[in-house]
Amino acid sequence: MAHFKVKEKDIFFILKDQLNYKALCGLDRYKELDADTLDMLVSEAVKFARGQVARLQEIGEEWGVVFENGQVRCAPEFKETFKMYGQNGWTAAARDPEYGGQGFPHMMRIIINDMMYGAAQSFNMAPSLTHGAAHLIERFGSQELKGRFVPKMYGGEWAGTMALTEPGAGSNLAATRTTACREGDHFKIKGSKIFISWGDHDLTDNIVHLLLARIEGAPEGVKGISLFVVPKIRVNADGSLGEPNDVICTAVEKKLGLHASPTCALNFGDNDSCIGYLCGDENKGLSHMFQMMNQARINSGVSGMTLASTAYLNALAYTKERIQGSDLFGRKPGYVPIIDHPDVRRMLLWMKAVVDGMRSMIYTGAFWSDLALELPESEEKRHYESLVDFVTPIIKAYCSDVGFRVCETAIQCLGGYGYCKEYHLEQYLRDCKILSLYEGTNGIQSMDLLGRKMHMNGGAPFKTFIAEIEGFCGAHKDCAILGKYIQTLSDVVKRLARVAQEMAGRAESDPLQWASYTYPALLCFGDVTMAWRLLDMAVIAKERMEADNERDFFHGKVMQATYFVDTTLPITLARLDTCTGNGREIVDMPEGAF
């Protein structure tokens, strides 16, 4: 049974009707592109995901990862598809043609990942990490490093990773102990890294690690961390592969999910012969790496959303076919499809709403990212930079957590069958769980949102984000049918802004109490963002519904928005009350009382 399901019409509605993404072709970088070319890329991504990548979901789950004699082996089909993925341009679709890219808008990378992660998350992590690593070299590396590594990474010949986490350090990168000792034009690297996704495998002849290390004599803490390019196999001056670079895989984690994605422990320089090349400026490694980390955070949200999407569509298909029980009010004779049962419809409507809302949230953030990166220096450019800064932790945390809940709800729709491996939903649930832990746990994301993002640039990200939603509410407050729902959103946004500002003050005066409630506050920001994006789609759909013959499609956009506002925003308001409450149980609870 083909597991991957996607509804292209929903995707194009967001891209074309809501965002008008063809407007990006008006930017200088994309002036050679047009709307038809963008549409074609989206359709081809869906086709490639269905035809080549989706089959790897089941193959990878059955094969897993084989770790023998210090070497990792994956399913042969993974190797074939990885190479095809690069050769067909998917890895570098949005990168500079000078290094093998196709020059598409940055947001197209997000849309491609939507398809590919939904088709096989374990697999797509490999080209996605490779893209991120190669882009770091393209952005910060010397011309020599760019020419030596980037084209082969973008082209699917070599793979890449981000090697950050160390034993005992977790997300605390200030505790990095891997060292780099200067030796001519390179550095000797020595240290250990853990939890390195796709840290070793046989998909490619070489793996290029983007690694954080501390140059001897560098300051302690994050201000003394530098970024290095460390290949598994040394690369000769002519681009050919040389001898092994003293990078050893010592273990592969046994995990709840993502069984086909090798999560590795790596030792660098056990034999004092691991060399690395400085990428960017000394002691600026963390700021350089944040480019890749922010991409990875957004991709965590993309993964949560797209797993939720295919889980919902699988559940929807099942509920239309599964015959069980009689209609509660006798509207139909005999036994009926379970989609006729009110509680099943409740679950389906909630899943439909949050999947569409999350996809709109993510695509909107990606659209803003292109404007932030490619507009000429101006107030408008800074406006979009602020929006991207603010929405990134919301996308990462909210979409990973809600995506997990959708996978859980989809299983519930199938009843006992949802718990069985015959259907794919249980794998979605297991694979999805890691996303709230990746790239800084969601609790860390919430402290970033309610802390640094509230204060940076004089509070510009927060103020810009709130003003964007208030502008929408003001423009559409008199919309027939939807006006009262938009007014509800407006009221909740005002309350959210007051609470966020009160919490910002508490961060200074009572930081423990503040940190106890940043995560619930992030959920409130997520709820409000979802309501905004859903209502924005509903406003567009309402106009189309009156003139278009596909009334059900547009009616669904309206009803999912009104349902979400009616059932979620009251909970959001109640949660906001807890964020500024005076109860100190979290802080004051004695450790022995837990």
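Okay, the second largest pocket: 25 residues line it, and the ones nearest its centre are Tyr312, Leu316, Leu349, Lys352 and Gly556. Keep in mind that this is a predicted model. The volume of that pocket comes out at about 710 Å³. If you're wondering which elements build the wall, those giving two or more residues to the lining are helix 8, residues 285-321, helix 9, and helix 16, residues 551-579. As for chemistry, the lining of this pocket splits into twelve nonpolar, four polar and nine charged residues.

Let's stay with helix 9 for a moment, since helix 9 also has a packing partner, helix 5. Helix 5 covers residues 107-119 and helix 9 covers 342-374. Now, two packed helices are described by the angle between their axes and the distance between the axes. For this pair, the angle is about 150 degrees and the axes sit 8 Å apart. The cut-off for roughly antiparallel is over 145 degrees, so helix 5 counts as roughly antiparallel to helix 9.

Who touches whom? On the helix 5 side you've got Met107, Ile110, Ile111, Asp114 and Met115, and they meet Arg359, Ile362, Tyr363, Ala366, Phe367 and Asp370 of helix 9. By class, that contact has eight nonpolar residues, three charged ones and no polar ones.

Next, the closed space inside. How many cavities of 30 Å³ or more are there? Just one by our rule, and the largest cavity holds about 40 Å³ of space. The residues lining that cavity are Leu56, Gln57, Gly60, Glu61, Phe78, Ala120, Ser122, Phe123, Ala260 and Gln427. Helix 3, residues 55-63, and helix 6, residues 121-140, are the elements giving two or more residues to that lining. Helix 3 gives the most, with four. Sorted by class, the cavity lining has five nonpolar, four polar and one charged residues.

Last stop, the strands. Strand 4 runs over residues 179-183 and strand 5 over 186-197; the two are antiparallel and joined by five bridges. If you want one pair to click on, Cys181 has Lys188 in strand 5 as its bridge partner. These two strands make a hairpin with two residues between them, and Gly184 in the turn has a positive phi of about 70 degrees.

Strand 4 also pairs with strand 6, residues 207-215, but here the sense is parallel and there are two bridges. The pair to look at there is Thr179 with its bridge partner Arg214 in strand 6. So strand 4 is the one to start from on screen: antiparallel to strand 5, parallel to strand 6. And while you have the strands up, remember that in a regular strand the side chains alternate between the two faces of the sheet.

Conventions. Residues numbered from 1 in each chain as written. Predicted model: local features only at pLDDT ≥ 70, side-chain atom pairs only at ≥ 80, totals over all residues. Heavy atoms only, no water. Axes fitted to C-alpha atoms, helices over the stretch in contact; angles between N-to-C directions. Parallel < 35°, antiparallel > 145°, perpendicular 65-115°, else oblique. Contact = heavy atoms within 4.5 Å. Nonpolar A, V, L, I, M, F, W, Y, C, P; charged D, E, K, R; others polar. Pairing = 2+ DSSP bridges. 1 Å grid on protein atoms, 1.4 Å probe; cavity = no way out; pocket = protein on both sides within 12 Å on 5 of 7 lines; lining within 4 Å. Points joined across faces, edges and corners; volume = space filled by probe spheres on them.
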